[in-house]
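Let's take a walk through this structure together, one stop at a time. Keep the viewer open as you read.

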2 protein chains.
Amino acid sequence: MIINLPEQTVERLSQYRRILLNYQYLDHAYIFSHNLARVLKTKSGTVRRDLMLIGVSGDVHKGYDINLILRKISEAIDGDTPENICFIGIGNLGRSVANHFAAGNGNLRVVAAFLFDQHQSIFPDVPEYDLTMLSEVIKQQNILICALAVPRDYAREITLLLVNSGIMGILNFTATQLQVPKHVFVEDYDMVAKLEKVSYFMKMTKNHLQAYD
Amino acid sequence: MIINLPEQTVERLSQYRRILLNYQYLDHAYIFSHNLARVLKTKSGTVRRDLMLIGVSGDVHKGYDINLILRKISEAIDGDTPENICFIGIGNLGRSVANHFAAGNGNLRVVAAFLFDQHQSIFPDVPEYDLTMLSEVIKQQNILICALAVPRDYAREITLLLVNSGIMGILNFTATQLQVPKHVFVEDYDMVAKLEKVSYFMKMTKNHLQAYD
């Protein structure tokens, strides 16, 4: 059912879907690849190639059928049944994500949030648990995916616990290289690198503006 | 002083630096490009090209001089003076990042954190302010960069306030397309797309494992 796609394509398909779900409200039935490309700051050739990979081709004059794209993306990247995921130590950041999925978009559902080092509730609509419940809840709810944002010093220990509890996919915000068995997929987010990138391009613009002052 | 580099190179240079700062503790003076490549799941040719762009070449037998790489990365992506940044609505996630910079790594300093919809202190070593202080603190502290993680509904209004207060670089976690003037650099983080990507590759592995059961 699921076809073999490159990492970047999978990510972009998910982004196309999110853009198109908003675009639908505007009552458009078709969209051109260059419109999608502009929003995502990519090339229209990239968009066309991605869509070709999931079996969607467009009309030269009308563009791409939005409903067809949405259906094909779902077939390509969603499984047949919703996938349960959990948040560990993710704060505010996760709230809009949880809402997005709760509204029926995509095929993931945030079914548990584990609080780290804070006693205040963050997620209004997601059951919150103490970190000591981690293994139990993951097994009970058949959770295979988590987003992990605990301090570095705890990352190793908690990862071991996660893997032993059956987790097979981790979105890793801990800024450490997680040691996991081969069957576990880890996607790292490096906030330091992103901030240094923002800083670099901000300075480039600043220098440029000053040169013309 | 600052040379013109591609976006991906800037990001990777920051990542090389972080890896090498840890690697230094092991008392190594040299490293091979394929070692750096492996940690970052990239190709050694990419590493060599990135380093060439900032004027570092390696020795075929010994590899690259780590101290030289670190100095050249700093010359390439850091400014002459530290850059003040602030966090807006960033929870736990930002804590290790703030610590990283506070320890003297890189050239950014987290000088303010603004709390959104929570009254509990998160950052032990960063002054925390109410959101109403946003404009005042940004101007006073000469902050040009921020990481933004407020709910979607507030993103537009707060972005306008940020730009008017002098912000020129935004790391955007709000899952909305921010409307900013041309001189403002925005780096988006799409957590939904990353989670869907983790889910996709997790399922690929699961199917693969089941096929051999």
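A:Thr174 and A:Thr176 are joined by a polar contact between their side chains, 2.6 Å in length. Keep in mind that this is a predicted model. The side chain of A:Thr174 has another partner too: it makes a polar contact with the side chain of A:Asn172, again given as 2.6 Å. If you want to find A:Thr174 on screen, look in the loop of chain A that runs between strand 7 (169-172) and strand 8 (185-188).

Is A:Thr174 buried or exposed? With a relative accessible area of 1%, A:Thr174 counts as buried, because the cut-off for that label is anything under 20%. And what does A:Thr174 touch, once residues up to four places away in sequence are set aside? The list is A:Leu148, A:Ala149, A:Val150, A:Arg152 and A:Ala155.

Now zoom out to chain A as a whole. Chain A has 8 helices and 8 strands, and its C-alpha atoms fill a box of roughly 60 × 55 × 35 Å along the principal axes. Of its 213 residues, 54% count as buried. Take the contacts in chain A with a separation of 6 or more: 59% of them come from residues 24 or more positions apart.

Chain A also splits into two parts, with domain 1 covering 7-77 and domain 2 covering 83-192. Measure from centre to centre over C-alpha atoms and you get 29 Å between domain 1 of chain A and domain 2 of chain A. How many residues does each domain bring to the contact? Domain 1 of chain A gives 5 residues and domain 2 of chain A gives 5 residues. Together the two domains of chain A bury about 320 Å² between them, with 54% of that on carbon and sulfur atoms. On the domain 1 side, A:Glu7, A:Arg18 and A:Leu21 supply 70% of the area buried against domain 2 of chain A, more than any other three residues.

What about polar links between these two domains? Across this interface of chain A there are 0 salt bridges, and the count of residue pairs in polar contact, both at pLDDT 80 or more, is 0 as well. The side of domain 1 of chain A that touches domain 2 of chain A is made up of 1 nonpolar residue, no polar ones and 4 charged ones.

Next, bring chain B into view. The size of an interface is often given as the accessible area lost when the parts come together. For chain B and chain A, that figure is about 7,200 Å², 63% of it on carbon and sulfur atoms. B:Leu93, B:Glu196 and B:Tyr200 supply 10% of the area that chain B buries against chain A, and no other three residues supply more. The contact draws on 74 residues of chain B and 75 residues of chain A.

How many salt bridges are there between chain B and chain A? The count is 14. One salt bridge to pick out joins the side chains of B:Lys197 and A:Glu7, at 2.9 Å from N to O. Chain B and chain A also have 23 residue pairs in polar contact, both residues at pLDDT 80 or more.

Which elements of chain B build its side of the contact? Several supply at least two residues each, including helix 1 (7-24), helix 4 (66-77), strand 3 (83-88) and helix 5 (93-102) of chain B. Helix 8 of chain B gives the largest share, 18 residues. By class, the side of chain B that touches chain A has 38 nonpolar, 19 polar and 17 charged residues.

Two backbone details round off the tour. Most residues other than glycine have a negative phi. A:Lys41 is not a glycine, yet its phi is positive, at about 55°. You'll find A:Lys41 in the loop between helix 2 (33-39) and helix 3 (44-53) of chain A, and at 63% relative accessibility it counts as exposed.

B:Ala175 also has a positive phi, near 60°. B:Ala175 lies in the loop between strand 7 and strand 8 of chain B. With 26% relative accessibility, B:Ala175 counts as partly exposed.

Definitions and conventions: Residues are numbered from 1 along each chain as its sequence is written. Chains are lettered from A and ligands numbered from 1 in the order in which they are written. Side-chain values use heavy atoms; hydrogens and water are left out. Domain bounds come from an automatic or database domain assignment. Contact means heavy atoms within 4.5 Å. Buried area is the accessible area (1.4 Å probe) that two parts lose on being put together, summed over both. A salt bridge is a side-chain nitrogen of Lys or Arg within 4 Å of a carboxyl oxygen of Asp or Glu. A polar contact is a pair of N or O atoms within 3.5 Å; within protein, one must be able to donate a hydrogen and the other to accept it, and residues adjacent in sequence count only if both atoms are side-chain atoms. Ala, Val, Leu, Ile, Met, Phe, Trp, Tyr, Cys and Pro count as nonpolar, Asp, Glu, Lys and Arg as charged, and the others, Gly among them, as polar. Helices (H or I, at least four residues) and strands (E, at least two) are DSSP runs, numbered from the N terminus. Buried means under 20% relative accessible area, exposed over 50%, partly exposed in between (1.4 Å probe, protein chains only).
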